[in-house]
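Work through the exercises below with the sequence and the model side by side. Each task is followed by a solution that goes step by step.

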Amino acid sequence: MKKIILASASPRRKELMEQIGLEFEVIPSRAEEVITSQEPGEVVKELSAQKAADVAGGIQEGIVIGSDTIVYHDGHIMGKPADRDEARGMLRSIQGNTHSVFTGVTVIVKEKEKSTCHTFFRETKVRVYPMTEQETEKYLDTGEPMDKAGAYGIQGKFAAWIESIEGDYNTVVGLPVSALWQVLKQYC
């Protein structure tokens, strides 16, 4: 079994990998994120590749997994909010509407003589119930929106406002582990 490294400090990604029984270590990427594409699927592929390559550069052998998630709504990419006001704006934008969540994954397999790279993304559509101003403020008070793309966590308190999803739930959480496993099983 090759050593597996998750190039992310995300506790949610860690939990998802543990959920499918993977043994791995965590080495968060310190790569500066550089976006050159406008298409959301390409953006998350680009960012996941940068993270994986950063960590893979420091190892001789093993499998490195990089991932990145964005929310895309009304032609705009939503990452993590910078402050409460930005989080409020994001929540106002998505409530009562359907948006897409894109998660990109890059798997770099380093062996003695060669290196292989697989990069893909998944999209899941999420419909959010309308929220009152009071509900929005109460959710903001939890602090939960501040470290999540689109200012919400589907697996947390925001679950109360999720009307429906179309696609892989784990894509919204931050790592489409079933699609990841289809790549990893070639090497593990």
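**Exercise 1. Find the bridge partner of Thr 69 in β5, and then place β3 among its neighbouring strands.**

Thr 69 has Thr 103 as its bridge partner in β5. Before going further, note that this is a predicted model, in which local features need pLDDT of at least 70 and side-chain atom pairs count only at pLDDT 80 or more, while totals for chains, interfaces and linings use all residues. Residues are numbered from 1 along each chain as its sequence is written, and side-chain values use heavy atoms, with hydrogens and water left out.

Step 1: helices (H or I, at least four residues) and strands (E, at least two) are DSSP runs, numbered from the N terminus, and two strands pair if DSSP finds at least two bridges between them. β3 and strand β5 (residues 98-110) run antiparallel and are joined by 11 bridges.

Step 2: strand β1 (residues 4-6) pairs with β3 in the parallel sense, over three bridges, and here Ile 5 stands opposite Val 64.

Step 3: β4 pairs with β3 in the antiparallel sense, again over three bridges, with Val 71 opposite Met 78.

Step 4: buried means under 20% relative accessible area, exposed over 50%, and partly exposed in between (1.4 Å probe, protein chains only). Because 11 of the 12 residues of β3 are buried, this strand is largely enclosed by the rest of the structure.

**Exercise 2. Compare the surroundings of Asp 74 and Ala 151: which is buried and which is exposed?**

Step 1: Asp 74 lies in the loop between β3 (62-73) and β4 (76-78), two strands that form a hairpin with two residues between them. Asp 74 has a positive phi of about 55° although it is not a glycine, and with a relative accessible area of 65% this residue is exposed.

Step 2: Ala 151, also not a glycine, has a positive phi of about 70° and belongs to the loop between α4 (133-141) and β7 (162-166). Its relative accessible area is 0%, so Ala 151 is buried.

Step 3: Gly 150 is in the loop between α4 and β7 and likewise counts as buried, at 0% relative accessibility. Although Gly 150 and Met 78 are 72 residues apart in sequence, their C-alpha atoms are 5.1 Å apart in space. Taking contact as heavy atoms within 4.5 Å, and not counting residues up to four places away in sequence, Gly 150 touches Val 71, Met 78, Gly 79, Met 90, Leu 91 and Ile 94.

**Exercise 3. Determine which residues of helix α1 are buried, and what the charge surroundings of Arg 13 are.**

Step 1: in helix α1 (residues 11-19), the buried residues are Arg 12, Arg 13, Leu 16 and Met 17. They cover an arc of only 135° around the axis, which puts them on the same side of α1; the arc is that of the directions from the helix axis to the C-beta atoms.

Step 2: the elements covering these buried residues of α1 include β1, β3, α5 (169-173) and α6 (177-184).

Step 3: a salt bridge is a side-chain nitrogen of Lys or Arg within 4 Å of a carboxyl oxygen of Asp or Glu, where Lys and Arg count as positive and Asp and Glu as negative, while His and the chain ends are not counted. Arg 13 is buried yet has no salt bridge, the nearest side chain of opposite charge, Asp 68, being 5.4 Å away. The residues that Arg 13 touches, not counting those up to four places away in sequence, include Ser 67, Asp 68 and Thr 69.

**Exercise 4. Identify the buried residues of helix α3 and the elements against which they pack.**

Step 1: Ala 87, Arg 88, Met 90, Leu 91 and Ile 94 are buried in helix α3 (residues 84-94). Their arc around the axis is only 165°, which puts them on the same side of α3.

Step 2: these buried residues of α3 pack against β3, β4, β5, β6 and α4.

Step 3: following α3 comes Gly 96, whose phi is positive, near 80°.
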